[in-house]
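Let's take a walk through this structure together. We will begin with the whole chain and then turn to a few side chains worth a look on your screen.

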Amino acid sequence: MRKTECPELVRHLGNRIRLLRKAKNLSQEQFAELASLHPTYMGDIERGQVNASLCCYAGIAKALNISLSELVEFPADMKDMKVQDEMMVIYEKVGNLDKKMQTFFFDAVKNLVKSIESV
């Protein structure tokens with residue numbers, strides 16, 4: 001496995017792929033098969049541990065029914081990318097909560113946003 005020269009970009013792309021896969025309710029194994037990749041390698045990609053080839057990313061985009069350019073779309077500022085990564089982690093963790101806790105979390109966030117907007 002070759003180390004990447006731009007770990008932040010690769011980690012961000014892996015997070016983005018995981019989020020898009022989960023939004024389609026696909027297991028990592030199902031998704032890997034659709035993308036013609038080995039499940040272990042798909043896991044490495046999603047964790048940002050490898051910088052896959054362009055052909056692999058094209059297969060992933062096809063499995064997601066999006067264009068390659070949509071898959072690799074990044075914010076212009078690295079700070080924005082870190083915020084997006086943190087939001088994806090929160091989104092994933094909330095997705096693992098039961099429905100009652102998800103509702104509680106989203107209600108709390110809505111109330112927080114309302115209070116910020118009123119300041």
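Accessible areas here come from the Shrake-Rupley method with a 1.4 Å probe. By that method the protein exposes about 8,300 Å², and carbon and sulfur atoms supply 58% of it. Please keep in mind that this is a predicted model.

Let's start with the overall fold. The protein has 7 helices and 0 strands, so from the N terminus on its elements run α-α-α-α-α-α-α. Of its 119 residues, 29% count as buried. Now look at the contacts between residues with a separation of 6 or more: residues 24 or more positions apart account for 53% of them.

A good place to zoom in is helix H1, which covers residues 7-23. At 1.5 Å a residue, its 17 residues should span 24 Å, and the end C-alpha atoms are indeed 24 Å apart, so expectation and model agree. Which residues of H1 are buried? They are Val10, His12, Leu13, Gly14, Asn15, Ile17, Arg18 and Arg21. When you follow such a list, it helps to remember that an α-helix has 3.6 residues a turn, so residues three or four places apart point the same way. Just after H1, Asn25 takes a positive phi of about 55°.

The two arginines in that list, Arg18 and Arg21, lead us to the charged side chains. How many salt bridges does the structure hold? There are 3. In one of them, Glu46 pairs with Arg18, and the closest N and O atoms are 3.9 Å apart. This pair links distant parts of the chain, with Glu46 in helix H3 (residues 39-46) and Arg18 in helix H1, 28 residues apart. Both Glu46 and Arg18 are buried.

Glu46 also meets Arg21 in a salt bridge, at 2.6 Å from N to O. Here too distant parts of the chain are linked, since Glu46 belongs to helix H3 and Arg21 to helix H1, 25 residues apart. Glu46 and Arg21 are both buried. Taken together, Arg18, Arg21 and Glu46 are linked in a network of salt bridges.

Another salt bridge joins Asp44 to Arg47, with the closest N and O atoms 2.7 Å apart. Is each partner buried or partly exposed? Buried means under 20% relative accessible area, so Asp44, at 9%, counts as buried. Arg47, at 42%, counts as partly exposed because its value lies between the 20% and 50% cut-offs.

Next, move along to helix H6 (residues 78-95), where you will find Gly95. Gly95 has 46% relative accessibility and counts as partly exposed. Its C-alpha atom is separated by 9.4 Å from that of Lys22, although the two residues are 73 residues apart along the chain.

Our last stop brings in the aromatic side chains. Phe104 sits in helix H7 (residues 99-117) and is exposed, with a relative accessible area of 58%. Together with Leu97 and Met101, Phe104 forms a nonpolar patch on the surface, with about 300 Å² of accessible area in total. A search of the whole structure finds 1 aromatic pair. In that pair, the rings of Phe105 and Phe106 have their centres 5.5 Å apart and their planes at 75°, so the arrangement is edge-to-face. Phe105 is partly exposed at 29% relative accessibility, and Phe106 is partly exposed at 40%.

Notes
Residues numbered from 1 in each chain as written. Predicted model: local features only at pLDDT ≥ 70, side-chain atom pairs only at ≥ 80, totals over all residues. Heavy atoms only, no water. Patch = residues over 30% accessible without salt bridge, like charges linked within 9 Å, V, L, I, M, F, W, Y side chains within 5 Å. Salt bridge = Lys/Arg side-chain N within 4 Å of Asp/Glu carboxyl O. Helix = DSSP H or I, 4+ residues; strand = E, 2+ residues; numbered from the N terminus. Buried < 20%, exposed > 50% of the residue type's maximum accessible area, 1.4 Å probe, protein only. Expected span 1.5 Å × (residues − 1). Phe/Tyr/Trp six-rings, centres within 6.5 Å; stacked < 30°, edge-to-face > 60°. Contact = heavy atoms within 4.5 Å.
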